[in-house]
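Visitor: Before we go through this protein, I would like each label to be justified as we meet it. Could you set every value against the rule behind it?

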Amino acid sequence: MDPSPPPSAAPVEAGRLFDSHRLPSDGLLLLSLLVYAPVGLCLLLLRLFVGLHVFLVSCALPDSAPRRFVVRVMCSVLGLLVRQSDPRQRSLRARVYIANHVTPFDHNILHLLASCNAPALNGTSGFICWSRGFLEVGGAESRAELLESLKAYSSQGGNPPLLLFPEETTTNGRVGLLHFSSWPFSILDSIQPVALQVQRPFVAVSVVGTSWVTELLWTFFVPFTIYQVRWLPMVCRPAEETREEFAQRVQQLLALELGVVSTHLTAADKAEHLKRLRHRPPVPYSPPVPSQPLGAPFRPPPTAASAEDVRLMDMAQHVREVLPHVPLAVIRKDLDMASSLPFSLSAQTNCVDATIANLLEGRVPFTSSEVETEASSPTASVSRGHYLAASSMAMAPVKLFARSPEARHLSLQERKQALYDCARRRYTEKHGVACNEGSR
C-alpha cells in the first residue's frame, strides 16, 4: 500500500524554492565566513590541482566498483562527502532512476554510488558534455526523438541505468519540489526514486542563474559539502494509471521522504523568476525637496529631466501666473509647439508672449479650471477680489469686431496690458514687494 501523500500546503512562491544570494544574511555567519576566507582560498587552489588528478583518474580507469571507490575517496579530499542510507534498497533490476535536482553535480555524486548515466538535455555536446559525465544522446532534436533514443538505450541490457531529473532544473532542496514532467515516466513502467539532500556551511548550496563553473569553485572553497542519498523502493505503474498520475505519485513519495511539499511550479517559473531578478529596476534616488517660503509659487523638485524640459516648465509657470485659469497641460502643449518653431528659439519671452496671445485670442481651445484657493488671510482675500474683478474686466469679450487691423491690435494690447497689471498687482500684494511700474 502506497503511503499517503503529504498534507496540502499553501501555494509556495517561486522565490522560496531558489536562493538568489550566495552569502548568508546572518551577521555572525558572515563574520565567520570572513575569518575562514583565507583558508578557503588556500583550499581552492589546492583542490584545483587535486581535481585535475581526479578527472584524469576517472578518464583512465574503466567504469567498475574499484574505480568508483577510488574516485569517491579522492572526492572526499575535494570536500565532497557522500553518504547513503540503506543501500540494500537499491534494486539491481532498476533501469531508470528518478531523483530530485539540487546541484549541477548530482549525477556525478550518484555515479559514485551506482553505475548510471544522465543524458544531456541542455544542448551541450562534445568534450564539455563528456567531461562533465553526461550521456550524449544523438538525434534528440525533439522530445519524441529523445524518448525514442532513451527507450532504445534502456532496451539494451548491457547499458547502465538512466538517471533522470523530472524537475528539469535545480532548486535549493529545502522548501519543495518542482512539478515533475511526465516524459521521464514514459520510458519504462518501473522506476526507482532517489531522494537527495545537500548541506554546506557558510554559503548557499546553489544560486539561481549561476554557471556550473561558479558552483564548482564555491564547492572547492567551502570546507565540505555533504550529499545524503536515500534509495526508495521501486515503484511500478498500474495499467489504469496515466503517465501524469504516475509522475505525481512519485513526486509525492519523494516530497514525503524529503520533508518538503509538492508544488505545481515548473522550470518555466524558475526562468521567469530569474528574468524578474535580472530586470528588477533599481530604486531611484529622490533628493530631498528644499523648503520653500509660505506663499511662494510652486517649483517642481529637481529631476533627471533634460534642460529643455526644465526651461519649458519654467515658461509654463510664467504663463500660469498670468492666466491661472488655464490648465497647465494646455499651456505646456502650446509651449512645446511654439518652442519648436525657428523664430521662437531666439528668446524665452517670445514663446511666453505667443502662448498668452494664443490663449487670449482663442486659438488654443481649453476648459477653464478653478482658480487655486489662496491662504486664508485678509491680504489674500483682497488680492483674490482684485484679481477676479480685473480678470473678468480684462477677459470680457469685445462686442464689436474692429474693421481695421490697427484697432484689433490695439484691443489685444490693451487686454494684455490689463492682464500684466493684474498679475503685477497680485504678486505685489502677495509678497509685499514694491514693483517697478515700468518693468515687465
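Guide: A helix here is a DSSP run of H or I with at least four residues, and a strand is a run of E with at least two, both numbered from the N terminus. By that rule the protein has 14 helices and ten strands, and the model in front of you is a predicted one.

Visitor: How do you know what share of the 440 residues is buried?

Guide: A residue is called buried when its relative accessible area is under 20%, and residues that meet this cut-off make up 38% of the 440 in the protein. The accessible surface of the protein comes to about 25,400 Å², and carbon and sulfur atoms hold 61% of that area.

Visitor: Why is Leu30 called partly exposed?

Guide: Partly exposed covers the range between the buried limit of 20% and the exposed limit of 50%; Leu30 has a relative accessible area of 32%, and therefore it is called partly exposed. Leu30 is found in helix α2, and it belongs to a nonpolar surface patch with Leu23, Leu28, Leu31, Leu34 and Val35, which together have about 600 Å² of accessible area.

Visitor: What makes a set of residues a nonpolar core, and which residues have the most contacts inside the largest one?

Guide: The members must be buried residues of the nonpolar kinds, joined through side-chain atoms within 4.5 Å. The largest such core has 34 residues, and Tyr97 and Leu163 are those with the most contacts inside it. Among the elements that give two or more residues to this core are α2, α3, β1, β2, β7 and β8, while α4 gives the most, with four residues. Apart from it lies another core, of 27 residues, which includes Trp183, Ile187, Leu232 and Val235. In soluble globular proteins, nonpolar side chains tend to be buried together.

Visitor: Which residues does Tyr97 touch?

Guide: Contact requires heavy atoms within 4.5 Å. Leaving aside residues up to four places away in sequence, the residues that Tyr97 touches include Arg90, Ala114, Pro161, Leu163, Val194 and Trp231. Over the protein, residues 24 or more positions apart account for 73% of the contacts with a separation of 6 or more.

Visitor: Why is β8 described as largely enclosed by the rest of the structure?

Guide: Six of the seven residues of β8 are buried, so the strand is largely enclosed by the rest of the structure. In β7, seven of the ten residues are buried, and that strand is mostly covered.

Visitor: How do you know that β7 and β8 pair, and in which sense?

Guide: Pairing requires at least two bridges between the strands; β7 and β8 have six, and they pair in the antiparallel sense. Within β8, Ile226 is the bridge partner of Gln199, and Tyr227 stands opposite Val198.

Visitor: Which strand does β8 run parallel to, and what joins them?

Guide: Six bridges join β8 to β1, and these two strands run parallel; Tyr227 in β8 is the bridge partner of Val82.

Visitor: How many bridges join β7 to β9?

Guide: Two bridges join these strands, which run antiparallel, and the pairing rule asks for at least two. Here Ile191 stands opposite Val235 in β9. Strand β7 is also joined to β2 by three bridges, in a parallel arrangement, with Val194 in β7 as the bridge partner of Ala99.

Note on methods:
Residues are numbered from 1 along each chain as its sequence is written. This is a predicted model: local features need pLDDT of at least 70, side-chain atom pairs count only at pLDDT 80 or more; totals for chains, interfaces and linings use all residues. Side-chain values use heavy atoms; hydrogens and water are left out. Buried means under 20% relative accessible area, exposed over 50%, partly exposed in between (1.4 Å probe, protein chains only). Accessible areas come from the Shrake-Rupley method with a 1.4 Å probe; for residues, only the protein chains shown count as cover. Patches are made of residues with over 30% relative accessible area and no salt bridge: like charges are joined within 9 Å, nonpolar side chains (Val, Leu, Ile, Met, Phe, Trp, Tyr) within 5 Å. A salt bridge is a side-chain nitrogen of Lys or Arg within 4 Å of a carboxyl oxygen of Asp or Glu.
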